[in-house]
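Work through the exercises below with the model open. Each task is followed by a solution in steps.

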Amino acid sequence: MEVPTISRLAELGRSQLPSLLKMDPLFSNPDLPFPKNLVGTMMAARKPGLIALFDVDGTLTAPRKDVTPKMLEFMRELRKVVTVGVVGGSDLVKISEQLGSSVIDDYDYVFTENGLVAHKDGKLIATQSLKSFLGEDKLKNHDEFSNNEFINFTLHYIADLDIPIKRGTFIEFRSGMLNVSPIGRNCSQEERDEFEKYDKVHGIRTKMISVLREKFPHLNLTFSIGGQISFDVFPQGWDKTYCLRYLEDFNEIHFFGDKTYKGGNDHEIYESELTIGHSVTSPDDTVQQCTALFLGNQAKGQ
């Protein structure tokens, strides 16, 4: 079948656009810039009451990789049509490394650490932390989430793991969560990739979470697999749905994420009754789905 031209795509409706996009080499080659002519023919005023909210790893970028110029261009054009936000489990430093140092200005909303740190229109609007949530006394006494027994047990478990490679920084304490990595966060990108493959076969993280959940039921913790090498541990309710409290002005919240399965760090917000969930397989898939949803309707009127 002949590959359609940009002008032809602009004439097509929402139902035909997704399949045709897959045929266009402009969308399959990450080194080519996003076709501005296509977006330009579809632009219209922002849709009120609607926001498109995106996970980072596996959705806007490859895991722990930098965002491509093509995706940045697409997000800029998408913001002309809908309000756009991002929500990730990492802190602002790590998300800035992937999405750029101007990330809080490039998106309408930026929620880091699942929304415990919230930015709107480039300004900090709210923060939450384990210290303020539990209180200084509880932290000092190692009660509840910061339980010293939990830390010690986790480190002993990792020490006894029989896996090909171990590096350093097995537990990282963030503002609102613990990040646990069986291989250690000090591993190289190549080692990350290898562990991810190994984990898919042997279920290292899944088995570890099962043990921790059984050992510490009284702590009321949520365990959430994210990225390639780790999982997050946080109080129940502090998953990505936490950020939704800042989006009460929107009556249509579209969430896009890749780890939407049970146990994945996108699952709760994907399944939330407050969102319309979209499961994606890659950044290219994100572009295709968003084009069909938010830009395809504009094409009908061209």
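The exercises go from the whole chain to single residues.

This is a predicted model, in which local features need pLDDT of at least 70 and side-chain atom pairs count only at pLDDT 80 or more, while totals for chains, interfaces and linings use all residues. Residues are numbered from 1 along each chain as its sequence is written, and side-chain values use heavy atoms, with hydrogens and water left out.

**Exercise 1. The chain as a whole**

Task: State how many helices and strands the chain has, and what share of its residues is buried.

Solution. Step one is the count: the chain has 14 helices and 11 strands. Helices (H or I, at least four residues) and strands (E, at least two) are DSSP runs, numbered from the N terminus. Step two is burial: 53% of the 302 residues are buried. Buried means under 20% relative accessible area, exposed means over 50%, and partly exposed is in between (1.4 Å probe, protein chains only). Step three concerns contacts (heavy atoms within 4.5 Å). Of the contacts between residues at least 6 apart in sequence, 63% join residues at least 24 apart.

**Exercise 2. Two helices that pack**

Task: Find the angle at which α11 and α12 pack, and the distance between their axes.

Solution. Begin with the geometry: α11 (residues 189-202) and α12 (residues 204-215) pack at about 60°, and their axes are 6 Å apart. Axes are lines fitted to C-alpha atoms, for helices over the stretch in contact, and angles run from 0 to 180 degrees between N-to-C directions. The angle makes α11 oblique to α12. For such labels, angles under 35 degrees count as roughly parallel, over 145 as roughly antiparallel, 65 to 115 as roughly perpendicular and the rest as oblique.

Next, list the residues. From α11 come Phe195, Tyr198, Asp199 and His202, which meet Ile204, Arg205 and Lys207 of α12. Sorted by class, this contact has three nonpolar, one polar and three charged residues. Ala, Val, Leu, Ile, Met, Phe, Trp, Tyr, Cys and Pro count as nonpolar, Asp, Glu, Lys and Arg as charged, and the others, Gly among them, as polar.

**Exercise 3. A salt bridge between distant parts**

Task: Determine which parts of the chain are linked by the pair Asp55 and Lys240.

Solution. Side chains of opposite charge can pair when their charged atoms come close. A salt bridge is a side-chain nitrogen of Lys or Arg within 4 Å of a carboxyl oxygen of Asp or Glu. The whole structure has 16 salt bridges. In one of them, Asp55 and Lys240 meet at 2.8 Å, N to O. Asp55 sits in the loop between β1 (50-54) and α5 (69-78), and Lys240 in the loop between β9 (230-235) and β10 (252-257), 185 residues apart. Both Asp55 and Lys240 are buried.

**Exercise 4. The surroundings of Glu172**

Task: Say where Glu172 lies, and which residues share a salt-bridge network with Glu172.

Solution. First, place the residue: Glu172 is in strand β6, and its relative accessibility of 18% makes it buried. Second, take the partners. Glu172 meets Arg174 in a salt bridge of 2.7 Å, N to O, and Arg185 in another of 4.0 Å. Arg185 lies in the loop between β7 (178-180) and α11, so the pair of Glu172 and Arg185 ties together parts that are 13 residues apart in sequence. Arg174 is buried, and Arg185 is buried too. Third, join the bridges: through shared partners, Asp91, Lys94, Glu172, Arg174, Arg185 and Asp232 form one network.

**Exercise 5. Two positive phi values**

Task: Decide whether Asn114 is buried or exposed, and do likewise for Asp121.

Solution. Most residues other than glycine have a negative phi, and most peptide bonds are trans. Asn114 has a positive phi, near 65°. Asn114 is in the loop between β3 (109-112) and β4 (117-120), and counts as buried at 3% relative accessibility. Asp121 also has a positive phi, about 50°. The loop between β4 and β5 (123-127) holds Asp121, which is exposed, with a relative accessible area of 53%.
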